[in-house]
Structure formats: structure tokens, C-alpha cells
Amino acid sequence: MQLHFSPSMRSITISSSNGFIELMKIKVAARHISYRTLFHTILILAFLLPFVFILTAVVTLEGVNKCSSFDCLGRRLGPRFLGRVDDSGRLVRDFYKILNQVNAEEIPHGLKLPASFSQLVSEMKNNQYDARTFAFMLRAMMEKFEREIRESKFSELMNKHFAASSIPKGIHCLSLRLTDEYSSNAHARKQLPPPELLPLLSNKSYHHFILSTDNILAASVVVASTVQSSQKPEKIVFHVITDKKTYAGMHSWFALNPISPAIVEVKGVHQFDWLTRENVPVLEAVENQNGIRNYYHGNHVAGANLSDTTPRTFASKLQARSPKYISLLNHLRIYIPELFPNLDKVVFLDDDVVIQRDLSPLWEIDLEGKVNGAVETCKGEDEWVMSKHFRNYFNFSHPLISKNLDPDECAWAYGMNIFDLSAWRKTNIRETYHSWLRENLKSNLTMWKLGTLPPALIAFKGHVHPIDPSWHMLGLGYQNNTNIESVKKAAVIHYNGQSKPWLQIGLEHLRPFWTKYVNYTNDFIRNCHILES
């Protein structure tokens, strides 16, 4: 910046350093301004003006539209002083206005939509679309893509449901081959356990495990993982219960593949004298009623209003319609005191669990007079898996449910439970279970949808003793974000959900915890092409 004084000292010019731009010119009247005053004025201007113009330039470059405090002068006047005005804010506001108008109107009929964003940009350039037309096309494209994504998600859930409900070819082959072996090989038919070990089946000093399943491969993993993880395998007795069609194959597997030193007994439901129609009339109705069978085996999409359903809700409804929930094997756990009258304490295991730690300390837990030692599922680090209350299982708009249950009551988990059968026999748990099953049948399944747990939550109400969550980790069949370190530390890991580890839809990073207990060198497993993935 330079100062130029006229020869007559009548005017002063302030210009830029290159001399091309004249910024300010001051005429001086000698009679009114003394040289002392003029000198001080020049000093002040020389000091302030650089700051004013620097602020103006910076604000102009930044494109700031709003201001407060001292720098407002430069922010407001700078762009106009330099001949530049930032209209971006006004443009954005105008576009918001157009979007709101388009959102409130119907999309024009027959609007041809581009297939991609790049095609949209190309068409805008070629056809010179105005902002309103662009907004309509953008909205229509987004709504179309949302519909396609939603339909794709529902199709994925349906396919996953069918995959989870089906029997893999390898597992079906295993059952058939072992059944054939039972009929042709005397070793496959040998008594389990041997006659000299029969008294141990009711010996209360042993640790008795009960497993109810028709999946031979899954049963082999549960038994093998329990024995290999135990510090006292010689004290283990397994009572494996299966249905009539699977009995021969299940017996063959454990007869030809003994898990020494543990003892294994295999029984079919047809071999229990107590399991008569008189004792389980409700379950007979559940299995045979046409309406119930259609609900679990029929078309799961027919009549469903998918437009008002979220994918997560639809997935829950599909899981609730798994055919296993009307299987007698799934309900057998409620009859354990009657099926094993000589036992006082047992651990019940589902077939989709893996044992990773010695479970013998479970028999030392004081249940304080309660019947069922179970992990509660209403609190824990994983909010998706461990956030289950009664409201998650029951329809509280039903008068019987709202009258008798508390929606905030904490739920608990099936899959690994320590049962005090002596205390159980003093209760009316079985009668309560049957009573609520009848009520749900009468109400056309409107009280709850999901399998055996809801009636058990009611029947065991007041009879549950919470045990430490580290004993039983859930969610490995649906929680993709399961913490691997937590899995490694858990005593029992449970693949509850659709993504079972023996299915192709199983979660890849969680499957190895299960496959490590499968004997892939076994001839039957190799011949059925059950491969380690």
C-alpha cells in the first residue's frame, strides 16, 4: 500500500502497492486541517485499512453468509465491495422448496426412469431438465430402489427360512446309512449301555445329561464336546432321546462310535411307557390339528401384509413358524421328571449347543429350592440377544395374558438348564404348561407364536434360579456380530436361531467352534460327503 501526496499538499491518494488500483483519495483543505491532524489521520488509516481489506478478502474466499461480532463488516460488505455475491445459500433454499413440493405431489404417470445415477446425469445434460423434473425423477428412482431392496430382503428371509427348516442331504444320508447298518450289522445293534453298566443309568452320584433330538450329527457333537471338555468324563451319563424313525440310526452311531469312558443310552419316544396319549393329550392335538399343521407347514407369505411389516419383524414371524415347534421331541423336556423317575438332578441340553468347559460344577450350584437353573436373557452386553422380556414372547393385547403376566418380567433361556427333579415333582409345572397350551389352541395361537419357551416361561414362573451368564452364551445362530472372545470364554455356546452350524447358511466365523468336534474321518460321514467347510 502506498501514500501519494500532491505537490500542493491539497490531496492524498492511497493506492495498492502495484499502483494500478486507486483505493482512496482525500482532499485536504489547508485552512481547516492542520498538518498535525493530517499526520495522525494518515497513521490511523495506514494501520486500520490493511486489516479491513484482509478480513474482506478472507470472508469472500470462504463464502461465509452469516456473521456476528466485529468481523461482520468484512463478511457483509466485502463480497459486494469486490463485486462478488455468494448465492449458494439461496439456491439450496430454493431446491429445498422444490423437493418439498415434489414430495407432496403424485409422481407423473408413465415417467421413464433412468437405470443409474450416471444415466440420470447424462439425461439431465442432454434434455436440459429443470429442477422440478430432476426432483421428480430423483424421488421416483429412490422409491423404486427402496421397493426392490425390500422385496429382495423378504425373498432372502424366505429362502433362509426354507433352508433352516430343511434337512441337508448329507445329514439325511447319514441317517439312512446308519439305519441300514442297524439292520445288517450286529455291532450296530448291541445294547447301550452294556448290561453290566445298566445300574449306572439311575446312579445319582453320576452327572446325568439329557438330550432330545432327531439330528444324529448334532447329537454326536453335543456328546463329544461334553466328554472332551469334562475333567471327570468317567462320571458322565448321556440319555439321548429320539423319535421312532431316527432311533435305529442314532443307536447305530453311538454303538459303533463309543465315547469312552462316558456312558450313552439311546431311547426312542416309543420306548417310554409313560408317553401315552392319556398323558400328553395336548401335544397330540398340537401335532395333529390341521390348522396348526397348516400354520407351521403351509404358505408363510399368503395373507401376510408385507407392506406394513419390517424385515426384522417378518424374520421373527418366520422363525416362530418353524415346524420343530410342534414336534413332540421339542416338548419332551416338560416330562423329564416322569421319564426319569429315579434321577434327582439333571442337565438338559439342546442339540445346537457346544460344550467348551467342564460342567460338573453345575451339580454343586444351590438352586435354593427352585426347579430350573437358567441364564436370564434380559440383561447383558449384547443388547440384541440379551434384551428379552415377557413382552418379546407374548401378545399382551390378549386379556388372559395382560391379566396374568408382567410384560417387564425377565425371560430366561432354554438350551442349557440344570433341573432339580425332586423339587419339580412337588409342583404343578406340567399341569400349568398343559393348561396354557390349551388356552392358546382355543384362541387360535393368538396368545403367543414361538414354540415351547412361552408356555414354559409361564409354567416355571417362580421356579427359576438365575445362574451366571458365562455358563450359557446365546445367539450364535443369528447374531453375526457375536464377540469371538466372549465365545471362547463361554462354558456352553448356543446356536439358537436359523443359522445352524451344520447348514450352509451357518455363520462362517462361528462354525469352527462346532466343526472341531465333528469326526470327519468317520466312514459314514465321508461317504455322505459331509465336508469340513
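In the predicted model, strand β5 (residues 236–242), helix α8 (residues 244–256) and strand β6 (residues 263–268) together make a β-α-β unit of right-handed sense. The two strands of this unit, β5 and β6, are paired in the parallel sense over six bridges, and within this pairing I263 of β6 is the bridge partner of V237. A right-handed β-α-β unit is likewise made by β4, helix α7 (residues 216–229) and β5. Strand β4 (residues 207–212) runs parallel to β5 and is joined to β5 by six bridges, with H207 standing opposite I236.

Strand β5, which takes part in both units, is mostly covered, seven of its seven residues being buried. The side chains of I236, F238, V240 and T242 point one way from the strand, whereas V237, H239 and I241 point the other way, and the residues of both sets are buried.

These strands belong to an open sheet of seven strands with mixed pairing, arranged in the order β6-β5-β4-β7-β10-β9-β11. Because β6 and β11 (464–466) stand at the edges and each has a single partner strand, one side of each is left without a neighbour in the sheet. From one strand to the next, the twist averages 25°. On the side of β4 away from the pairing with β5, the order of the sheet continues with β7; strand β7 (residues 345–349) runs parallel to β4, to which four bridges join it, and L349 of β7 stands opposite L211.

Both helices pack on this sheet. Helix α7 touches β4, β5, β6 and β7, and its direction makes about 170° with that of β5. Helix α8 touches β5 and β6, with a direction that makes about 165° with that of β6.

The two helices also pack against each other, at an angle of about 35° and with their axes 10 Å apart, and the crossing of α7 and α8 is right-handed. In this contact, I216, A219, S220 and V223 of α7 meet T246, G249, M250, W253 and F254 of α8. Classified by residue type, the contact of α7 with α8 comprises six nonpolar and three polar residues, and no charged residues.

How values were computed: Residues are numbered from 1 along each chain as its sequence is written. This is a predicted model: local features need pLDDT of at least 70, side-chain atom pairs count only at pLDDT 80 or more; totals for chains, interfaces and linings use all residues. Side-chain values use heavy atoms; hydrogens and water are left out. Buried means under 20% relative accessible area, exposed over 50%, partly exposed in between (1.4 Å probe, protein chains only). Two strands pair if DSSP finds at least two bridges between them. A crossover is right-handed if, with the strands pointing away from the viewer, the path from the first strand over the helix to the second runs clockwise. Axes are lines fitted to C-alpha atoms, for helices over the stretch in contact, and angles run from 0 to 180 degrees between N-to-C directions. A crossing is left-handed if the near helix is turned anticlockwise from the far one by less than a right angle, and right-handed if clockwise. Contact means heavy atoms within 4.5 Å. Ala, Val, Leu, Ile, Met, Phe, Trp, Tyr, Cys and Pro count as nonpolar, Asp, Glu, Lys and Arg as charged, and the others, Gly among them, as polar.
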